[in-house]
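Let's take a walk through a protein model together. Keep the picture open beside you and turn it as you read.

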Amino acid sequence: MHVLVLDTIHGGKVIGAAYIAAGHTTDVVDVYHSTPDELREVQHRHYDLVVTPVHLDPDHPLHAHSTIPVITHHEAVRQLLGEHLPHPMIEITGAQGKTTTAHALAHILPGKGVLHTSTGTYTYPTKTLIGKKSITPASEIDAVRYANQMPGWLVAEISLGVTGAGDLAIITSPDNYMFAHGKKCAIREKIASARHAKRVLVAEGVFCEQEHVVRVGDIARCDGMKCTVELDGMTFVLTNPLFLLPPYRTPLMLAAAAAMILHVNPMPLNHFTALPGRMSLSQIKDLIIIDNANSGTNVATTLCAARYARHCSRASDLTLVIGQVEGDGAVCEGFSFDQIAYAIEKVQPSHVVWVGRYPDPGTDVYEALKGKTDAVCTTLEEGRDKAVRITGKGSIVLSVKTWR
């Protein structure tokens, strides 16, 4: 079979190499930097299959008018993985809560395994870092290989959908945004990608009508810092203060519900602690620092982090470090100027440290922020250091959208 794989940047090289290893003739094309002449040359070749990333503009000339089969990177990876898979194997996707859900589930699963997330790929139970790769579906190929070599389980975070391989797919959030040049709906694509999954677990608000779908509310319910999970006659009551925090409540409920589906005891969640960049608490001098800087940072998590910081510090004084790191291609949906300005207005911080590109002079957002911004920095680290220097008391919230 002659295969055309599009997008060398977001996993195409890995997928192309896997097709070659399987005995196929394969061309891999950089759809972003190829010249028009190079693209026309490819257009005139004969292929039996085109493999395209889900985020590519559907009107791109290399597949818009194709008369041969076109599949996504997600579908290609499922086919390439075949039947030799780790067990259990869980795939996690969603606009919010993917990483926390993945880490929480890995915390629960017994024995050896591999956790692949945006924070890195780790072996368990030692939590040894193997390396860092993107969460494109192609990265799952190596993650599966690592898990099979152990042998052990695999928990894999994937962007913009799942491959449907393995035992369970989890969709963590109904939050939506447009992508692929504004021509595709993220939640619709994620739901569609799960059609091959054996079982699907979804957060509240995710309307997935496929077979074998379980809603988290059918298994888990929260009351304060307690969460009760029930399935097939088994009941567990979990206790963890993180259930009080909205950014943790749903991911922990999903992890507990997944454990029940997989017939695993969820009680280790009682000892799960906040992850760096996801509401973790630290202290420097007399200042409380709440770290909410990650790829899923948005208005809702910023407001939650500010409430949490003021509760922990017992003071209203708060410095907000906010923005989006420039050139961070790993972040699919951005943190717009309007959203950042709205978050600042709602939090009412004593000081603001802006990270990343600042609004242009003369724009409405620029005018609205006049007198409210104490400093503009390039990186999260610079913003944090500046905040520590200018904050006399109270707390600091790091709410920068960035890849971590």
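Before we start, one word needs pinning down: a residue counts as buried when its relative accessible area is under 20%. Also keep in mind that this is a predicted model.

Let's begin with strand E9, which covers residues 153–157. This strand is mostly covered, with 5 of its 5 residues buried. Which way do its residues point? Trp153, Val155 and Glu157 point one way from E9, while Leu154 and Ala156 point the other way, and all are buried. That fits a simple pattern: in a regular strand the side chains alternate between the two faces of the sheet.

Now look at the company E9 keeps. Strand E5 (residues 89–93) runs parallel to E9, and 4 bridges join them. To find the pairing on screen, look for Glu91, which stands opposite Ala156 in E9. Strand E6 (residues 113–117) also pairs with E9 in the parallel sense, again over 4 bridges. Here the spot to look for is Gly113, opposite Trp153 in E9.

Just before E9 there's something to check in the backbone. Pro151 lies in the loop between H5 and E9, and a cis peptide bond joins Met150 to Pro151, with omega at about -10°. Another cis peptide bond joins Tyr124 and Pro125, where omega is about 10°. Pro125 sits in the loop between strand E7 (120–124) and strand E8 (128–131). Why bother pointing these out? Because most peptide bonds are trans.

Helix H5 itself spans residues 139–149, and Ser139 is part of it. Is Ser139 buried or exposed? Its relative accessible area is 9%, so it is buried. Leaving aside residues up to four places away in sequence, Ser139 touches His116, Lys133 and Ser134.

The backbone has another kind of oddity to show you. Most residues other than glycine have a negative phi. Asp7, though, has a positive phi, near 85°, and isn't a glycine. You'll find Asp7 in the loop between strand E1 (2–6) and H1, and at 0% relative accessibility it counts as buried. Met279 is another non-glycine with a positive phi, this time about 70°. Met279 is in the loop between H7 and strand E18 (280–284), and it is buried too, with a relative accessible area of 2%.

From Asp7, step on into helix H1, since that loop leads there. Two packed helices are described by the angle between their axes and the distance between the axes. H1 (residues 8–21) packs against helix H3 (residues 73–81) at an angle of about 30°, and their axes are 11 Å apart. The two helices are therefore roughly parallel to each other, and their crossing is left-handed. Who makes the contact? On the H1 side it's His10, Gly11, Gly12, Ile15, Ala18 and Tyr19, and on the H3 side it's His73, Ala76, Val77, Gln79 and Leu80. Sort those contact residues by character and you get 6 nonpolar, 5 polar and no charged.

Next, head for a sheet with 3 strands. It's an open sheet in the order E15-E16-E17, with antiparallel pairing. Strand E15 (220–223) and strand E17 (234–239) stand at the edges, each with a single partner strand, so one side of each has no neighbour in the sheet. From one strand to the next, the twist averages 15°. E15 and strand E16 (residues 226–231) pair over 4 bridges. One pair to look for is Ala220 with its bridge partner in E16, Val229. Helix H7 (residues 246–261) packs on this sheet and touches E15, E16 and E17, with its direction at about 30° to that of E16.

Our last stop is Ala309, in helix H8 (residues 299–313). How much of Ala309 is accessible? Its relative accessible area is 0%, so it is buried. Not counting residues up to four places away in sequence, Ala309 touches Ile290, Leu318, Ser395 and Val397. Finally, compare sequence with space: Ala309 and Ile396 are 87 residues apart in sequence, and their C-alpha atoms are 7.3 Å apart.

Technical notes
Residues numbered from 1 in each chain as written. Predicted model: local features only at pLDDT ≥ 70, side-chain atom pairs only at ≥ 80, totals over all residues. Heavy atoms only, no water. Pairing = 2+ DSSP bridges. Axes fitted to C-alpha atoms, helices over the stretch in contact; angles between N-to-C directions. Contact = heavy atoms within 4.5 Å. Parallel < 35°, antiparallel > 145°, perpendicular 65-115°, else oblique. Left-handed = near helix turned anticlockwise from the far one by under 90°. Nonpolar A, V, L, I, M, F, W, Y, C, P; charged D, E, K, R; others polar. Buried < 20%, exposed > 50% of the residue type's maximum accessible area, 1.4 Å probe, protein only.
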